[in-house]
Amino acid sequence: MKELQNLQDRFDEQMMNKLMEEFEFSHDEMSDRLDRTKELLKREQIEQKVEQAINELEKLSEEQQELSEETKESKKNGEEIKEKQNQIEEKYNEIQKEYEKAKALNKELKQKMNLKDFQNQKESIRKEFENTKQMLDKGKKNKASQSQNQNSKNMKKLSESMQSMMNAI
């Protein structure tokens, strides 16, 4: 009888050890799966932010082009044009903030996406905003219109560069 009890104790102990090993394995496996899922969700969030920035840049480029035409044709007074130009610049700055958020999220990834900085293109856009303001302040609507037109092209080019970057990822 005592032998039977010893056998049962050993069996229970072996069974318990085996169950514990399986539990540890499934826990580790579950943790790995959870980490991979979090990584995929962050990647998706980054892609959405960048795609949104691309789409908003394209729309903003069109708005800038329309304002360029209105400026050239003097359909609005100088203050209205300045106001609309400021709104476009604010929207552009918001787009850039969202892109920076995407880049910050990217830094959290184990396998980072190749998100570029586009510093030269952003600098060109910033300079054209400044140039447009100066021309509007001086009342030179034709020159302001040319600068707005150039900035529309710059924003369109930036959105295309961002789209190319995303296609390469």
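Let's fix one term before anything else: a residue is buried under 20% relative accessible area, exposed over 50%, and partly exposed in between (1.4 Å probe, protein chains only). By that cut-off Lys103, with a relative accessible area of 16%, is buried.

The model is predicted, so local features need pLDDT of at least 70 and side-chain atom pairs count only at pLDDT 80 or more, while totals for chains, interfaces and linings use all residues. Residues are numbered from 1 along each chain as its sequence is written, and side-chain values use heavy atoms, with hydrogens and water left out.

**Exercise 1. Work out the overall layout of the protein chain.**

Step 1. Helices (H or I, at least four residues) and strands (E, at least two) are DSSP runs, numbered from the N terminus. The protein chain has four helices and zero strands, giving the pattern α-α-α-α along the sequence.

Step 2. Now the burial: 31% of the 169 residues count as buried.

Step 3. On to contacts, meaning heavy atoms within 4.5 Å. Take the contacts between residues at least 6 apart in sequence: 80% of them join residues at least 24 apart.

Step 4. Accessible areas come from the Shrake-Rupley method with a 1.4 Å probe, and for residues only the protein chains shown count as cover. The protein chain exposes about 11,700 Å², with carbon and sulfur atoms supplying 47% of that area.

**Exercise 2. Find the salt bridge partner of Lys103 and place both residues.**

Step 1. Here's the rule: a side-chain nitrogen of Lys or Arg within 4 Å of a carboxyl oxygen of Asp or Glu makes a salt bridge. By this rule the count is 15.

Step 2. The partner of Lys103 is Glu100, and their closest N and O atoms are 3.7 Å apart. Both sit in helix α2, three residues apart, which is about one turn of the helix.

Step 3. Glu100 comes in at 35% relative accessibility, so Glu100 counts as partly exposed.

Step 4. Zoom out a little, and Glu100, Lys103, Asp117 and Lys122 turn out to be linked in a network of salt bridges.

**Exercise 3. Describe the face that the buried residues of α3 line.**

Step 1. Check the helix length. The expected span is 1.5 Å times one less than the number of residues. For the 19 residues of α3 that should be 27 Å, and the end C-alpha atoms are 27 Å apart, which agrees.

Step 2. List the buried residues of α3: Gln121, Lys122, Ile125, Glu128, Phe129, Thr132, Met135 and Leu136. Seen down the axis of α3, these buried residues fall within an arc of 150°, so they line one face of the helix. The arc is that of the directions from the helix axis to the C-beta atoms.

Step 3. Flip to the other side of α3, where Asn120, Lys127 and Asp137 are exposed.

Step 4. Add the salt bridges. Arg126 and Glu123 meet at 2.6 Å, N to O, and Glu130 and Lys133 at 4.0 Å. Arg126 and Glu123 are three residues apart in α3, and Glu130 and Lys133 are likewise separated by about one helical turn, being three residues apart in the helix. Arg126 is partly exposed at 40%, and Glu123 is partly exposed at 27%.

Step 5. Just past the helix comes Gly139, whose phi is positive, near 80°.

**Exercise 4. Classify the aromatic pair of Tyr99 and Phe118.**

Step 1. Rings of Phe, Tyr and Trp (its six-membered ring) pair if their centres lie within 6.5 Å; planes under 30 degrees apart are stacked, over 60 edge-to-face, and the rest tilted. The whole structure holds two aromatic pairs.

Step 2. Tyr99 and Phe118 are 6.1 Å apart, centre to centre, with 55° between the planes, making the pair tilted. Tyr99 belongs to helix α2 (residues 78-107) and Phe118 to the loop between α2 and α3 (119-137), 19 residues apart.

Step 3. Tyr99 is buried at 1% relative accessibility, and Phe118 is buried at 12%.

**Exercise 5. Collect the contacts of Gln85, leaving out residues up to four places away in sequence.**

Step 1. Gln85 lies in helix α2 and counts as buried at 2% relative accessibility.

Step 2. Gln85 touches Gln64, Leu67, Phe129, Thr132, Leu136 and Gln148.

Step 3. For Gln148, the gap is 63 residues in sequence and 8.7 Å in space, C-alpha to C-alpha.
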